[in-house]
Amino acid sequence: MFRSKKRVVGLDLGSSVVKAVEITLEGQEPVITGFSRAELPPGGSVDDAVKQVFKEGRFRSKRVVSGVSGQDTVVRYLSMPQMSDSELQQAIQFEADKIVASDEDFILDCLPLQRGTAEDPEMSVLVAACQSERLNGQAQMIQSAGLLPIAIDLDLFALANAWELCVMPVSESVEGRDTRATALVDVGSRVTSINVMRGGVSCFSREIPIGGANMTQAVARRLSLEGFEAEAVKRTSEDHQAEVRTAIGPVLEDLASELMLSMDYVEHNEGLTVTEVLLSGGGVLAPGAAEYVEQAVARPTRLWNPLEGLRVDVNRVDVEELEAWAPSLVVAVGLASRVVNQ
Ligand SMILES: Nc1ncnc2c1ncn2[C@@H]1O[C@H](COP(=O)(O)OP(=O)(O)OP(=O)(O)O)[C@@H](O)[C@H]1O
Ligand SMILES: [Mg+2]
């Protein structure tokens, strides 16, 4: 009766904005009980932004799940013979040299995505690796902010977890040979993450090094502005809308062609059809960006609000602020969704 509630804070250490969302399990129901964000000023430190986020967020939990992305991480989808989880962990360590072509020290983890069947006895396994120095550094940073790092995930997979928590239709979880897939696409500041889900399981993921920062640079060049001025013009200026659209056109073109390549590849390789593209991340808020991507990828596309279907504790969260930033909170929500399996 007096058991403490299960709560976790998902901490998204984005390259331009640190975002934190607290989810509390009330009975079986995940409820958003806290939210805060801090933009990183040029040259600003992530540590300070984390401290600010926790000061302003008034979270009740100190238990933090954060994420990693970028060059320090490696993701592979392998086909392996059937084996137990402990055998799999051992087998993966043997394969480490093939998975990570680097002299640096990496920490590997793996997850069976799909067990084999009578017709196809191989099982599909996801292997994730991250440079150990990066993982340790991040855990230490979180600890030195007075918090408890309970897990570190991949941002790419936080997308999938947010989808599972908020959107996944019941039919998607049914195993079988359904060939329909959903592509989750999060356009951040430095990177765009894509994770393609079939039958509730990830079958492809990738980071594309294009995002909102490239759009800001393009606006700065076209209008001869400093970076911070270009950022403001990109976000709010009604007067320069047409020029902003023209400036960011080539960035969107590059991004869309990378997205097309990925989707064509996964459709061809896995024999499936991407029937839905869910767009998120601050980068898609740029004028015309979502429409451009929709047209270019030529598949049904919609903006994804990861709060859809989740209850929000209005006594603890500024709902207007939360809704305003909702499309950029997918990773934070996905990280916090670990509370469900705690
Ligand atoms: N209203 C807006 N119009 C256009 N762009 C916007 C708007 N609001 C935010 N952005 C852009 O969104 C980006 C920040 O989004 P987000 O918080 O998803 O990125 P991040 O997580 O910090 O980056 P990354 O995932 O690449 O590390 C910035 O590039 C910012 O310029
Ligand atoms: Mg991000």
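The following dialogue asks how several descriptions of this predicted model are justified.

Student: On what conventions does the description rest?

Tutor: The model is predicted, so that local features need pLDDT of at least 70 and side-chain atom pairs count only at pLDDT 80 or more, while totals for chains, interfaces and linings use all residues. Residues are numbered from 1 along each chain as its sequence is written, and chains are lettered from A and ligands numbered from 1 in the order in which they are written.

Student: What makes the radius of gyration of the chain agree with that of a compact globule?

Tutor: The radius is taken over C-alpha atoms, and the globule rule is 2.2 Å times the number of residues to the power 0.38. For 342 residues a compact globule would have a radius near 20 Å; the chain has 20 Å, and therefore the two agree. Along its principal axes, the C-alpha trace spans about 65 × 55 × 45 Å.

Student: Why is Arg-58 called exposed or buried?

Tutor: A residue is buried if 20 or more other C-beta atoms lie within 10 Å of its own, exposed if 12 or fewer, and partly exposed in between, with C-beta atoms placed from the backbone. Arg-58 has 12 C-beta neighbours inside 10 Å and therefore counts as exposed. Arg-58 sits in the loop between α1 (46-57) and β4 (63-68); helices (H or I, at least four residues) and strands (E, at least two) are DSSP runs, numbered from the N terminus.

Student: How do you know whether Ala-298 is buried or exposed?

Tutor: Ala-298 has 11 C-beta neighbours inside 10 Å, so it counts as exposed. Its place is the loop between α8 (289-297) and β13 (301-303).

Student: What is notable about phi of Ala-298?

Tutor: Most residues other than glycine have a negative phi. Ala-298 is not a glycine, yet its phi is positive, about 50°. Arg-58 also has a positive phi, near 45°.

Student: Which residues make up the shell around ligand 1?

Tutor: A residue is near a molecule if its C-beta atom, placed from the backbone, lies within 6 Å of it. The shell has 21 residues, and the closest are Gly-14, Ser-15, Gly-188, Gly-212 and Gly-282. Two elements, α5 (212-223) and α6 (227-236), each give two or more residues.

Student: What makes both domain 1 and domain 3 contributors to this shell?

Tutor: Each of domain 1 (1-70 + 130-167 + 305-342) and domain 3 (170-303) supplies at least three residues of the shell; the bounds come from an automatic or database domain assignment. The centres of these domains, taken over C-alpha atoms, are 22 Å apart.
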